[in-house]
Amino acid sequence: MISIIIWTLQLILVPVLSPLFVGIVRKIKAHFQNRQGAGIFQPYRELWKLFHKDEVESEDASWIFRAAPYIIFAVTIVVGASIPIIGTFFASRLSDLLTIVYCLALGTFFLALAGMDTGNAFGGSGSSREMTVAALTEAGLIFSILALAFLAHSTNLVTIVQTVSDLSLFSFTPIILAFVAFLIALLAESARFPFDNPATHLELTMIHEAMILEYSGKKLALIEWASANKFLIFLSLGVNLFFPWGSAASFTPGALLLGLAVFLLKVFLLSAGVAVLESSIAKYRFFRLQDILFTSFILSIIAISLII
Amino acid sequence: MNLENIAKKYLTSKFHLNLKGKVISYAVPAEEIVEHCQKLYFQDHLALKTITAVDARKESIGFKVLYVFGIPKENVFLIPFVIVKDNGQEEFPSLAPYIQEAAIYERKIKTFFGLNPLGHPDIRPLLLHENWPTDKFPLRKDFAWDTRPEDAIDNTYEFQKVEGEGIYEIPVGPVHAGIIEPGHFRFSMAGEEIVLLEAKLGFVHKGTEKLFEVLPMAEKVKLSERVSGDTSFTHSLALCQAMESLLEIQVPKRAKYLRLIFSELERLANHFNDLGFMMLDTGYSFGGSNGARLREMIMQWNERLTDSRFLRGVNIIGGVTKDISLSTRDELNTALSTIHQDFSEIIAIAEESSSLLNRLDTTGRLDRQIAIDYGVVGVPARALGIAQDARLDYPYAAYDTVPCPLSLAIKGDVRARFSVRVKEVHASFALLEQALNNLSALDANFSVQTDLTALPRNAIAIGIAEGWRGDIVYTVITDNSANITRVDVRDPSFLNWNVLGYAGKDNIVPDFPLINKSFNLSYSGNDL
């Protein structure tokens with residue numbers, strides 16, 4: 001019963017909160033550029049605007065193009081509901097590491113298909129780049145969380161959170177290594193610097209944006225929303241798996257509220273970190289990306305070998 | 001050297017020379033022109049500044065094709081020309097097989113005058129598109145400027161084609177996602193690598209050169225300010241200098257200094273913008289936003305000094321319309337030193353960023369020989385160590401009275417073009433400081449009244465000025481009733497567009513926008 005309530009709560013919580021963190025990152029970046037920037041609620045207004053717009057659809061678009069936004073959005077909210085966000089007292093079968101990672105991969109797969117579907121030249125190169133990056137990211141992503149799974153002797157994320165929060169500070173060296181590896185995968189998966197530039201208008205340099213160039217109106221809104229969800233999912237995984245303190249351990253209103261507050265604070269700090277990083281470096285050359293992604297993999301392996 | 005001595009040095013006595021102002025023009029028989037131009041170009045190392053044509057059928061001469069060679073340091077131009085008979089063939093020998101940079105001029109002459117360069121390897125129409133009928137030549141006198149021919153239907157345009165396994169073609173433009181001018185690019189790529197890049201331009205063709213022939217004199221200056229909006233001042237300066245040399249006007253010294261000051265302000269604003277955008281295109285948003293901020297500071301000074309952010313309405317034939325008072329000068333001096341310090345700090349931070357430098361280094365390298373063959377000018381040329389700058393080679397305004405350093409780099413990649421701009425910014429600040437300090441000692445007069453109708457007959461004048469992209473060349477020609485019959489505009493972009501494909505080749509597609517930005521060429525100035 002409690003599982004269902006929490007699951008439903010998170011089902012709503014992630015999509016409701018996710019545009020806020022996109023707005024916060026943009027706001028912080030604006031400050032670094034001597035700009036005032038739009039308010040942190042701007043992404044909500046943009047979604048509202050897009051949901052009220054008409055759509056233009058290519059004549060060559062097939063059912064994949066039409067279905068992809070729904071699939072991608074659905075995947076992100078299901079995953080968002082299944083990961084540990086405010087509490088560690090429920091464990092759904094969906095909270096398994098491999099289930100989460102490959103559910104997200106399913107979304108990426110359909111996004112890449114949709115990019116190619118209309119035959120747009122940019123969509124094709126976007127999809128090709130996305131699959132290259134996604135394939136190279138997967139190792140670092142899985143192995144960094146796997147390091148924690150070895151600690152917890154379970155691949156269930158909730159169990160991992162419980163175990164890691166009971167660890168003494170001295171055992172944190174491998175966890176920090178795994179966190180760095182995860183952070184690299186986070187940046188790659190959520191199409192951020194140094195992998196992709198979410199603010200660019202240059203079609204030729206795009207990865208994520210190139211795939212969704214053909215979308216407009218409501219479907220674009222769904223995809224933008226799904227990207228925001230995905231960003232929040234990765235932020236949550238980052239803060240809750242690697243720094244799990246403060247998660248609600250019991251199902252009482254007080255504990256839940258405290259858990260939520262701590263969660264928001266942690267996610268805010270991590271997203272601010274992402275914004276600072278994006279403001280201080282240039283995007284990497286496409287063929288240098290595998291170097292960083294490989295670093296992510298190696299760091300995970302080191303973390304695992306320290307744990308075993 | 002005076003004109004006679006220069007003529008003796010470069011030319012044999014068999015030509016009938018016409019010496020006037022800074023120009024030596026002479027007819028060369030069609031069968032000798034190729035050899036003669038090769039001698040001037042390869043043996044005497046003169047710079048080919050432009051090749052243009054004029055319709056002189058009214059004077060029963062036919063057409064003339066003029067080859068403008070500049071003699072650096074002397075500030076004198078040799079203009080051999082051939083006469084093309086109006087006999088239904090309209091042929092003249094092509095220089096293109098021998099001198100690569102001639103190819104693009106001859107293609108333009110073929111499209112706009114309908115004169116056929118014999119032996120030219122590529123005579124596809126330039127700038128005018130498939131909807132333009134191939135038998136209408138807009139710069140001929142019998143084509144009225146305000147007519148529009150019916151669209152042609154069955155013309156085709158052949159892009160170069162790369163075939164083979166894994167070759168993927170991406171058409172980009174003419175309408176782009178950013179707020180830039182329109183142009184079509186065709187990429188052939190193997191994976192992410194650019195195998196071939198071909199640009200098709202002409203989407204902003206406005207008939208500027210034709211309009212120059214019809215507009216009254218004051219409007220001509222206005223029109224030149226609109227050839228390429230970001231270079232308003234230098235374009236009108238080049239035209240005014242050509243007109244002043246036709247009319248034999250001595251511009252007051254104060255006007256010369258003011259022209260230098262405004263030119264350098266224009267250069268500063270645009271270099272700030274370019275440096276900012278190059279950094280922004282790598283995603284280095286700190287540099288990007290600061291570039292925009294610095295540019296805006298200069299633009300606001302422009303507005304304060306001249307009531308125009310783009311320095312329009314400042315140049316007139318015979319001088320300038322705006323003066324800088326002593327108190328304003330002192331304020332400007334203070335402001336400039338603040339901006340200079342600001343700029344130095346930003347560049348110091350940017351050059352500490354290894355992720356930025358990694359994107360700039362080795363990207364978009366242009367081969368030196370290709371650059372020389374295609375006659376590349378301005379920033380991309382200096383980024384290859386090719387020492388040319390119209391401010392030094394053809395001193396105008398007050399550039400001969402204040403020391404003007406040459407800003408060079410060697411490697412010819414994006415980083416080199418970046419650093420040439422940085423050096424030129426520093427040089428501009430130094431030039432501005434000296435020119436502003438010299439201003440107080442000058443006579444208050446900053447323009448001369450002139451009779452703009454007293455033009456000489458059958459004369460040619462060249463106006464050249466170094467815009468922030470490269471040298472801008474105006475060729476003004478009068479007919480035998482002393483009317484202006486032709487104004488040829490050669491924007492630096494007209495030459496530099498030809499090598500963009502070479503700079504992009506073998507790079508990866510995601511780097512192309514950065515390479516393009518490091519050239520930042522004008523579409524409007526090219527398309528005219």
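**Figure 1. Surroundings of B:Ile298 in helix 8 of chain B**. In this predicted model, B:Ile298 touches B:Leu265, B:Leu268, B:Ala269, B:Phe272, B:Leu336 and B:Ile339, leaving aside neighbours within four places in sequence. The residue is part of helix 8 of chain B. B:Ile298 has a relative accessible area of 0%, so B:Ile298 counts as buried. For scale, the C-alpha atoms of B:Ile298 and B:Tyr399 are 21 Å apart, with these positions 101 residues apart along the chain.

**Figure 2. The contact between chain B and chain A**. Chain B contributes 33 residues to the contact and chain A contributes 27 residues. The size of an interface is often given as the accessible area lost when the parts come together. Between chain B and chain A the buried area is about 2,400 Å², and carbon and sulfur atoms give 58% of that area. The interface of these two chains has 2 salt bridges. In one of the pairs that join the chains, the side chains of A:Arg285 and B:Asp511 form a salt bridge with an N to O distance of 3.7 Å. Residue pairs in polar contact between chain B and chain A number 13, counting pairs with both residues at pLDDT 80 or more. On the side of chain B that touches chain A, at least two residues each come from strand 8 (167–172), helix 8 (285–306), helix 10 (354–360) and helix 16 (512–519) of chain B. That side of chain B is made up of 15 nonpolar, 11 polar and 7 charged residues.

**Figure 3. Transmembrane regions of chain A as listed by UniProt**. An unreviewed UniProt entry lists residues 6–25, 70–91, 97–114, 135–155, 167–188, 220–243, 255–277 and 289–307 of chain A under "transmembrane region". Two of these spans are described here. Residues 97–114 of chain A are 100% helix and 0% strand, and the C-alpha atoms at the ends of the span are 26 Å apart. Residues 255–277 of chain A are also 100% helix and 0% strand. For residues 255–277 of chain A, the end C-alpha atoms are separated by 33 Å.

**Figure 4. The salt bridge between B:Lys73 and B:Asp393**. The closest N and O atoms of B:Lys73 and B:Asp393 are 3.1 Å apart. The two residues come from distant parts of the chain and are 320 residues apart. B:Lys73 sits in the loop between strand 4 (62–71) and strand 5 (76–84) of chain B, while B:Asp393 belongs to helix 13 (residues 390–393) of chain B. B:Lys73 is exposed, with a relative accessible area of 59%. B:Asp393, in contrast, is buried at 10% relative accessibility.

**Figure 5. B:Arg486, B:Glu209 and a salt-bridge network in chain B**. The side chains of B:Arg486 and B:Glu209 form a salt bridge, with 3.4 Å from N to O. B:Arg486 lies in strand 15 (residues 484–490) of chain B and B:Glu209 in helix 4 of chain B, so the salt bridge ties together parts 277 residues apart in sequence. B:Arg486 is buried at 2% relative accessibility. B:Glu209 is also buried, with a relative accessible area of 4%. Elsewhere in chain B, salt bridges link B:Glu264, B:Arg267, B:Arg382, B:Asp389, B:Arg391, B:Glu424 and B:Glu466 in a network. Within this network, the side chains of B:Asp389 and B:Arg382 meet at 3.9 Å, N to O. B:Asp389 and B:Arg382 are both buried. Over all chains, the structure holds 49 salt bridges.

**Figure 6. Surroundings of B:Glu213 in helix 4 of chain B**. B:Glu213 is a residue of helix 4 (residues 208–214) of chain B. Its relative accessible area is 16%, and B:Glu213 is therefore buried, the limit being under 20%. The side chain of B:Glu213 is in polar contact with the side chain of B:Lys141 at 2.9 Å. Not counting residues up to four places away in sequence, B:Glu213 touches B:Leu139, B:Lys141, B:Lys220, B:Ile484, B:Thr485 and B:Arg486.

**Figure 7. Surroundings of B:His36 in helix 2 of chain B**. B:His36 lies in helix 2 (residues 30–43) of chain B. This histidine is buried, with a relative accessible area of 9%. Apart from neighbours within four places in sequence, B:His36 is in contact with B:Leu11, B:Phe15, B:Tyr26, B:Val28 and B:Pro80. B:Leu11 is 25 residues from B:His36 in sequence, and the C-alpha atoms of the two residues are 9.4 Å apart.

Terms used
Residues are numbered from 1 along each chain as its sequence is written. Chains are lettered from A and ligands numbered from 1 in the order in which they are written. This is a predicted model: local features need pLDDT of at least 70, side-chain atom pairs count only at pLDDT 80 or more; totals for chains, interfaces and linings use all residues. Side-chain values use heavy atoms; hydrogens and water are left out. Contact means heavy atoms within 4.5 Å. Buried area is the accessible area (1.4 Å probe) that two parts lose on being put together, summed over both. A salt bridge is a side-chain nitrogen of Lys or Arg within 4 Å of a carboxyl oxygen of Asp or Glu. A polar contact is a pair of N or O atoms within 3.5 Å; within protein, one must be able to donate a hydrogen and the other to accept it, and residues adjacent in sequence count only if both atoms are side-chain atoms. Helices (H or I, at least four residues) and strands (E, at least two) are DSSP runs, numbered from the N terminus. Ala, Val, Leu, Ile, Met, Phe, Trp, Tyr, Cys and Pro count as nonpolar, Asp, Glu, Lys and Arg as charged, and the others, Gly among them, as polar. Buried means under 20% relative accessible area, exposed over 50%, partly exposed in between (1.4 Å probe, protein chains only). UniProt positions are given in the numbering used here, feature names are shortened, and annotations may be inferred rather than shown by experiment.
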